[in-house]
Amino acid sequence: MVTVSLCMIVKNEEEALHTCLKSVHDLVDEIIIVDTGSTDHTQEVAASFNARIYPFAWCDDFSAARNYAFDQATQDYQFWLDADDILEEKDRISFLNWKKQGTLSYDSITMDYVLSVDEQGQPLHKLKRNRIVRRDRQFRWIGFVHEFLNVTGSIIHSNMAVTHKKTRAYNDRNLHIYLKHREQGTVFSERDHYYFANELYDNGRTIEAIQQYEHYLGLNQGWIEDRIAACFKLADCYGRQGQKQEQRTALLRTLNLDAPRAQFCCAFGNLLIEDEQYEQAIYWFRQATLIEPPQDAMALTNSSYHTWLPHLQLCLCYDRIGDIEKAKLHHRMAQLHHPTHPSVLYNEQYFAKLEQQG
């Protein structure tokens with residue numbers, strides 16, 4: 001059986017950390033907790049799970065803290081989590097089965113990162129991350145915010161998952177770190193430019209976000225999935241500003257990077273609905289139902305674009321042009337995927353009333 005070091009960085013996470021470690025402590029061979037300045041009972045919680053606790057002076061650099069945690073590991077593999085992550089029971093079983101294989105043939109094992117689930121508990125937003133890496137490869141974290149693990153070699157994409165259980169409200173900590181580094185003259189990578197734009201976007205600084213997304217996209221560099229995501233977020237920013245032509249242009253920029261995605265089809269279809277161009281909208285929503293999710297295993301996916309959402313909008317469009325039978329058909333399709341969505345429930349009542357009226 002291979003051995004595993006769990007490596008974490010935490011600060012004031014007493015409640016979340018207990019839930020996290022309870023889900024994983026018996027699967028790993030040591031727990032490394034790097035504390036960046038907790039003032040609550042985080043360290044006591046960590047100690048209750050026999051963790052090795054190391055203080056770390058916070059320096060506005062997540063990679064520095066994560067690399068320090070990795071440096072303390074002594075086992076075959078390093079496994080990382082955040083305090084608000086857990087392993088569900090099915091993934092605990094899969095993790096233990098992987099350990100029992102007893103091989104060091106892979107440099108990295110990816111796991112799904114489930115960011116949100118639907119009302120049936122099925123993943124809605126997810127992506128893969130390099131979660132378990134061989135210690136002797138000495139992989140390092142890169143980036144002071146939104147850091148990533150720079151992995152090469154033999155990588156296997158597992159079916160195991162880490163589930164995110166966010167317990168805290170969103171804050172502007174990361175934005176202020178970016179602003180501080182910019183003031184200090186730090187040279188941003190193309191990835192930094194993208195995530196800086198995201199922080200501006202998430203904090204409602206829309207005009208600045210537009211400028212930053214335009215700058216990032218103008219670099220013509222970086223991971224294609226980030227560049228496509230930037231186009232979608234840029235379009236949303238223009239939408240917030242009421243700049244519909246710019247919004248449409250930003251969406252169309254995704255087509256310069258890849259074939260139409262289901263997300264593009266839905267977003268473009270929604271713009272057409274706003275203009276009451278229902279026939280044209282129907283074309284794009286129908287395309288969305290035919291498109292497979294991105295094949296890049298590491299890309300963020302949103303299952304709604306490939307399941308209930310286009311059918312919900314097709315129901316609306318067909319109803320608007322008077323084709324009630326096709327509207328009902330797509331209502332049933334949306335209902336099959338998401339029976340409890342408020343719009344699906346509303347449509348069920350709507351069609352029931354139509355039938356009563358004869």
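Reader: Before strands come up, when do two of them count as paired here?
Author: Two strands pair if DSSP finds at least two bridges between them. The model is a predicted one.

Reader: OK. How do β4 and β7 pair, and over how many bridges?
Author: Antiparallel, over three bridges; β4 covers residues 77-80. Within that pairing, Tyr-77 stands opposite Arg-134 of β7.

Reader: And how many bridges join β6 and β7?
Author: Nine, also in the antiparallel sense, with β6 running over residues 108-117. Ile-109 faces Ile-132 of β7 there.

Reader: What sits between β6 and β7?
Author: Five residues, in a hairpin. Gly-121 in the turn has a positive phi of about 80°.

Reader: What about β11, how does it pair with β7?
Author: Antiparallel again, over two bridges. His-125 is opposite Asn-302 in β11.

Reader: Switching to pockets. What volume does the second largest one have?
Author: About 270 Å³. Its lining has 17 residues, and Lys-126, Pro-293, Pro-294, Ala-299 and Thr-301 lie nearest the centre.

Reader: Which element gives the most to that lining?
Author: β7, with five residues. Both β7 and β11 give two or more.

Reader: How does the lining divide by residue type?
Author: Seven nonpolar, six polar and four charged.

Reader: Last topic, the core. Which residues have the most contacts inside the largest one?
Author: Leu-149 and Tyr-213, in a nonpolar core of 70 residues. Beyond its sequence neighbours within four places, Leu-149 touches residues including Phe-70, Trp-80, Val-133 and Trp-141. Another core of 32 residues lies apart from the largest one, with Val-4 and Ile-31 among them.

Note on methods: Residues numbered from 1 in each chain as written. Predicted model: local features only at pLDDT ≥ 70, side-chain atom pairs only at ≥ 80, totals over all residues. Heavy atoms only, no water. Core = buried A, V, L, I, M, F, W, Y, C linked by side-chain atoms within 4.5 Å. Buried < 20%, exposed > 50% of the residue type's maximum accessible area, 1.4 Å probe, protein only. Contact = heavy atoms within 4.5 Å. 1 Å grid on protein atoms, 1.4 Å probe; cavity = no way out; pocket = protein on both sides within 12 Å on 5 of 7 lines; lining within 4 Å. Points joined across faces, edges and corners; volume = space filled by probe spheres on them. Helix = DSSP H or I, 4+ residues; strand = E, 2+ residues; numbered from the N terminus. Nonpolar A, V, L, I, M, F, W, Y, C, P; charged D, E, K, R; others polar.
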